[in-house]
Amino acid sequence: MQELYIDSVNHRYGEYQVLSSVYLTCKIGEVVGLLGRNGSGKSTLLKIIFGSIQPRFKYLKIDDELQVKTYLTQQVAYLPQGYFIPHYLKIKDLIELYINNYKDQVLNLAIFKSNLNEPIGNLSGGNRRLVEALLILYSDAKYVLLDEPFSQLAPLIANELKEHIVHLKSQKGLIITDHYYRQIIEISSRIILLHNGCNYAINNEDDLIVHGYLPNL
Ligand SMILES: Nc1ncnc2c1ncn2[C@@H]1O[C@H](COP(=O)(O)OP(=O)(O)OP(=O)(O)O)[C@@H](O)[C@H]1O
């Protein structure tokens, strides 16, 4: 089956139990929205899936194959919360580094076309973030993890990013977390909330109030 599957995720930082028994799946064709309060462990969970954090326990399969360090398989790409590409790398070199199957599409995007010879650090903060997100989205990885992709993006650019996510959805499985929860609800096939170290399926905004993510006004 074409699916990223993780269960029994258990992780502590020192004495602090962040994730107790987390379960998450993501099929090709799905956008799974991951919500949770600050500090609920969303970034930690994405890093565990990517393999950059080794938890106390996890059971992770990709397309039915057991995984330890997912990043070594190149089946999963991960956009971290902050900038991750060194400022001096030029856009044209980044396309060579990250993009293979989708090269024609990427070269046609205005943000890449008009900045090919620029180092990524010369772009505005929002455009730099958009370029990083697009490089991850249009990489060959089948599963994509996006940690706060909409932060720093002005509404028009956020819409552009949403369109790319929707465009690629049929070919990839995406797990996205962001505090712009309406954007997440809009593009997600389903929503999972992390709370008290566990995961909850969310069906509507009322569930987000019940589980203490949204205020009960
Ligand atoms: N390297 C670390 N060492 C110790 N504690 C950590 C470490 N990384 C994260 N934590 C703690 O683990 C908890 C979960 O952090 P994490 O970044 O996963 O949360 P998050 O849900 O992504 O939060 P936010 O929405 O604010 O980005 C927080 O209390 C954080 O302080």
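**Ligand shell, sheets and helix packing in a predicted model**

The shell around the ligand holds two nonpolar, seven polar and one charged residue. The model described here is predicted. The residues around the ligand are Tyr 13, Val 18, Gly 36, Asn 38, Gly 39, Ser 40, Gly 41, Lys 42, Ser 43 and Thr 44. Helix α1, residues 42–50, gives the most to this shell, with three residues.

The UniProt record, an unreviewed entry, carries the annotation "domain: ABC transporter" for residues 4–214. Over residues 4–214 the chain is 31% helix and 29% strand. The end C-alpha atoms of that stretch are 28 Å apart.

Two open sheets are described next. Strands of a sheet pair through backbone hydrogen bonds, either parallel or antiparallel. One open sheet has four strands in the order β2-β1-β4-β5, and its pairing is antiparallel. Strands β2 (16–27) and β5 (65–66) stand at the edges. Each has a single partner strand, so one side of each is left without a neighbour in the sheet. Within this sheet, β1 (residues 3–13) and β4 (residues 57–62) run antiparallel and are joined by five bridges. Asn 10 has Phe 57 of β4 as its bridge partner. Helix α1 lies across β1, β2 and β4. The helix runs at about 120 degrees to β1.

The other open sheet has six strands, ordered β6-β7-β8-β3-β9-β10, with mixed pairing. Its edge strands, β6 (76–79) and β10 (198–202), each pair on one side only. On average, neighbouring strands of this sheet are turned by 20 degrees against each other, direction ignored. Strands β6 and β7 (residues 143–147) run parallel, joined by four bridges. Leu 79 has Leu 146 of β7 as its bridge partner.

Helices α1 and α5 both pack on this sheet. Helix α1 touches β3 (31–36), β6, β7, β8 (173–177) and β9 (190–195). Its direction makes about 150 degrees with that of β7. Helix α5 touches β6 and β7, and its direction makes about 170 degrees with that of β6.

Helix α5 (residues 125–137) also packs with helix α6 (residues 155–168). Their axes lie 11 Å apart, at an angle of about 0 degrees. The two helices are therefore roughly parallel to each other. On the α5 side, the contact is made by Gly 126, Leu 130, Ala 133, Leu 134 and Leu 137. Helix α6 contributes Ile 157, Leu 161, His 164, Ile 165 and Leu 168. By class, this contact has eight nonpolar, two polar and no charged residues.

Note on methods: Residues numbered from 1 in each chain as written. Predicted model: local features only at pLDDT ≥ 70, side-chain atom pairs only at ≥ 80, totals over all residues. Axes fitted to C-alpha atoms, helices over the stretch in contact; angles between N-to-C directions. Parallel < 35°, antiparallel > 145°, perpendicular 65-115°, else oblique. Contact = placed C-beta atoms within 7 Å. Nonpolar A, V, L, I, M, F, W, Y, C, P; charged D, E, K, R; others polar. Near = placed C-beta within 6 Å. Pairing = 2+ DSSP bridges. UniProt positions renumbered as here; feature names shortened; annotations may be inferred.
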